[in-house]
Amino acid sequence: MASPLLLLLLASGALGCPLPCTCQNLSESLSTLCAHRGLLFVPPNVDRRTVELRLADNFIQALGPPDFRNMTGLVDLTLSRNAINRIGARSFGDLESLRSLHLDGNRLAELGAGSLRGPINLQHLILSSNQLGSIAAGAFDDFLESLEDLDLSYNNLRQVPWAGIGAMLVLHTLNLDHNLIDALPPGAFAQLGQLSRLDLTSNRLATLAPDPIFSRGLDTAASPSPLVLSFGGNPLHCNCELLWLRRLARPDDLETCASPPGLAGRYFWAVPEGEFSCEPPLIARHTQRLWVLEGQRALLRCRALGDPAPTMHWVGPDDRLVGNSSRAQAFPNGTLEIGVTGAGDAGDYTCIATNAAGEATARVELRVLALPHGGNGSAGGARPGPSDIAASARTAAEGEGTQEAGPTVEVSEVTATSGLVSWGPGRPEEPIWMFQIQYNSSEDETLIYRIIPSSSRHFLLKHLVPGADYDLCLLALSPAAVPSDLTATRLLGCAHFSTLPAMPLCHALQAHVLGGTLTVAVGGVLVAALLVFTVALLVRGRGAGAARLPLKLSHVHSQTNGGGPSPIPKPHPPRSPPPRPQRSCSLDLGETGGCYGYARRLGGAWTRRSHSVHGGLLGAACRGAGGSGERLEESVV
């Protein structure tokens, strides 16, 4: 059982100094120094009466509510240069007396709305050199009225909670340098009357919206709290939008202009005011006239050039600004999309491009071709829904309505996913602007439209559903003075067809296997033929080499031009060459076992032949050790 003294110490929170730390009790304040101790977490036995807690240069990775529970007297908390990547909700919930919080040099990627809740009297918040990419809108709400210094430098911020920062009425220093901020909302600092230093160095700001705070500091005598503005390292676009800042002639170092090309590299304050100019908008291209069928999507395009980039707007036929809705959407690039067009959308639209130098307009005409209401072509009666138009047209073709004697519509060459639609020419006295094919299937009741030129008589339908029944109708669209005139659309014929079922997977697999087997067989035959041909060449070459034997000619007589018989010359006795030592042969020249090289032997033969004037007998012998002699005889006329 624990002793009463230990229970008392636990209740009071005074358990002494944590083992790896150093504690200093100066007068009534207790300082716990735990820097450079290799800590992986906040020591659990820190005295709850601690006023200053230093935990810098350790390896703490996460913070939670138990770490600083009941430390209501803590004033200064330093957690710099750790590995903190997560702060739990209300981790500082009990630190109501905290004045200074240092979290720089950690690995924080985001701050939630509850990560910094609790320190209602916080004055100095240092969050620099982290990896912050986002900060929740309400992250600073608990200390908006007390915070004096906010450091968010050296992070990855593109946006910051501007509404919260603009409400920090006693803020003196705001460091936003070395981030990715590319735009400042107008009037973001208008309420910061005590702001004395604003650092926006090395961001991606190309322009600045006018703000009255930048006028402070020009007259130090009249301004109680002059503003020091640091704005260097930004890609300033020096046009008329920054003329207001150039006229302030502030002493701040804004470095150089990045654009336009004529001012790139020039010092901001040295550029004359007359060169801060803009170019009015110029509409480069736009849709002139667009024809769509009722119910289809319409895209009206408009592109404009200018400096600065123009802002695009659209005005409808009713002279009202077209805004984003469930049916229409206007994109920043100047495109207006109407998802489902109706007869009321037809008319003239106006594209408006505006910037600081002026505006430009262009007119776009939208014509909506109305669909037929029924089989009799009258305007009265209820209009069918978008999925039963083909059905009503088919009913009219069967005799329940009127159908003009027109071309016969046929669907041939039907496969599982395609079919060829064919029709003949219509009545020549009535001009046709274009043909329209409407079809739907039993699998999907959605009606599909296809627009075809008037010169065509065939159309291939693709991407059909295998094994489905289709209803198809062909309509002719003729020019009319009024787009909503229903007589401009007439039915020419309908057809019903069914697609083939999809090929089973086993058949497709069998075809693939058969094709692969055939490819392997043909390749094997080609390889075998090549091998046989190669072996034949090798055998033939080896046989030709063995056939190069010394030539033997016998019983050869010479001829003369005389009339009498020529005496038979006596054969010369063979001359035995002097014996010579045997040596190894480098080239085999037959069965004689001779040891002369082929080149040397051939040279010797031709030398002895040249010494014979009448082409007499030349003997050439090549004897090996123990071999018999051989004679080469040749007759020359």
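**Strands, salt bridges and a surface patch**

I start in strand β27, where Leu420 stands opposite Leu460 in β30. Before going further: what we are looking at is a predicted model.

The two strands behind that residue pair are β27, residues 419-422, and β30, and they pair in the antiparallel sense over four bridges. They belong to an open sheet of three strands, in the order β26-β27-β30, with antiparallel pairing. At the edges are β26, residues 410-412, and β30, residues 458-461, each of which pairs on one side only. On average, neighbouring strands of this sheet are turned by 25° against each other, direction ignored. As a general reminder, strands of a sheet pair through backbone hydrogen bonds, and the pairing can be parallel or antiparallel.

Next, another run of paired strands. Strand β21, residues 311-315, pairs with strand β24, residues 347-355, in the antiparallel sense, over five bridges. Strand β24 is also joined to β25 by nine bridges, and those two run antiparallel as well. The link from β24 to β25 is a hairpin through two residues.

Which residue of β24 is the bridge partner of Val315? That is Thr350. Thr350 also stands opposite Arg363 in β25. So if you want a residue to click on in this region, take Thr350, with Val315 as its bridge partner and Arg363 opposite it in β25.

Strand β25 brings me to the salt bridges. How many does the structure hold? There are twelve salt bridges. In general, side chains of opposite charge can pair when their charged atoms come close. I will go through three of the pairs and one network.

The pair that involves β25 is Glu365 with Arg289, whose side chains meet in a salt bridge at 2.7 Å, N to O. Glu365 lies in strand β25, residues 358-369, and Arg289 in strand β18, residues 289-293, so the salt bridge ties together parts that are 76 residues apart in sequence. Is Glu365 buried or exposed? Glu365 counts as buried, at 19% relative accessibility; the cut-off for buried is under 20%. Arg289 is partly exposed, with a relative accessible area of 48%.

The second pair is Glu273 with Arg247, where the side chains meet at 3.5 Å, N to O. This pair links distant parts of the chain, 26 residues apart: Glu273 is in the loop between β16 (257-259) and β17 (279-286), and Arg247 is in helix α3, residues 243-248. Glu273 is partly exposed, with a relative accessible area of 37%. Arg247 is exposed, at 54%.

The third pair is Arg49 with Asp47, and here the closest N and O atoms are 3.0 Å apart. What are the accessibilities on the two sides? Arg49 counts as exposed, at 54% relative accessibility, whereas Asp47 is buried, with a relative accessible area of 4%.

The network consists of Asp57, Arg81 and Asp104, which are linked by salt bridges.

Now a few single residues, beginning with Thr78. Its place is in strand β5, residues 76-78. At 16% relative accessibility, Thr78 counts as buried. Which residues is Thr78 in contact with, leaving aside neighbours within four places in sequence? The contacts are Leu53, Arg54, Leu55, Ala56 and His102.

Leu305 is found in strand β20, residues 302-307. Leu305 is exposed, with a relative accessible area of 52%; exposed here means over 50%. Not counting residues up to four places away in sequence, Leu305 touches Pro280, Pro281, Leu282, Ala284 and Pro310. Leu305 and Ala360 are 55 residues apart in sequence, and their C-alpha atoms are 9.9 Å apart in space.

Last item: the surface. Leu40, Phe41 and Phe59 make a nonpolar surface patch of about 360 Å². One of these, Leu40, lies in the loop between β2 (29-33) and β3 (52-54). Leu40 is exposed, with a relative accessible area of 57%.

To recap in three stops: the open sheet has the order β26-β27-β30, the pair Glu365 and Arg289 ties together parts that are 76 residues apart in sequence, and the nonpolar patch is made by Leu40, Phe41 and Phe59. That is where I stop.

Conventions:
Residues numbered from 1 in each chain as written. Predicted model: local features only at pLDDT ≥ 70, side-chain atom pairs only at ≥ 80, totals over all residues. Heavy atoms only, no water. Buried < 20%, exposed > 50% of the residue type's maximum accessible area, 1.4 Å probe, protein only. Contact = heavy atoms within 4.5 Å. Pairing = 2+ DSSP bridges. Axes fitted to C-alpha atoms, helices over the stretch in contact; angles between N-to-C directions. Salt bridge = Lys/Arg side-chain N within 4 Å of Asp/Glu carboxyl O. Patch = residues over 30% accessible without salt bridge, like charges linked within 9 Å, V, L, I, M, F, W, Y side chains within 5 Å. Areas by Shrake-Rupley, 256 points an atom, 1.4 Å probe, with all protein chains shown as cover.
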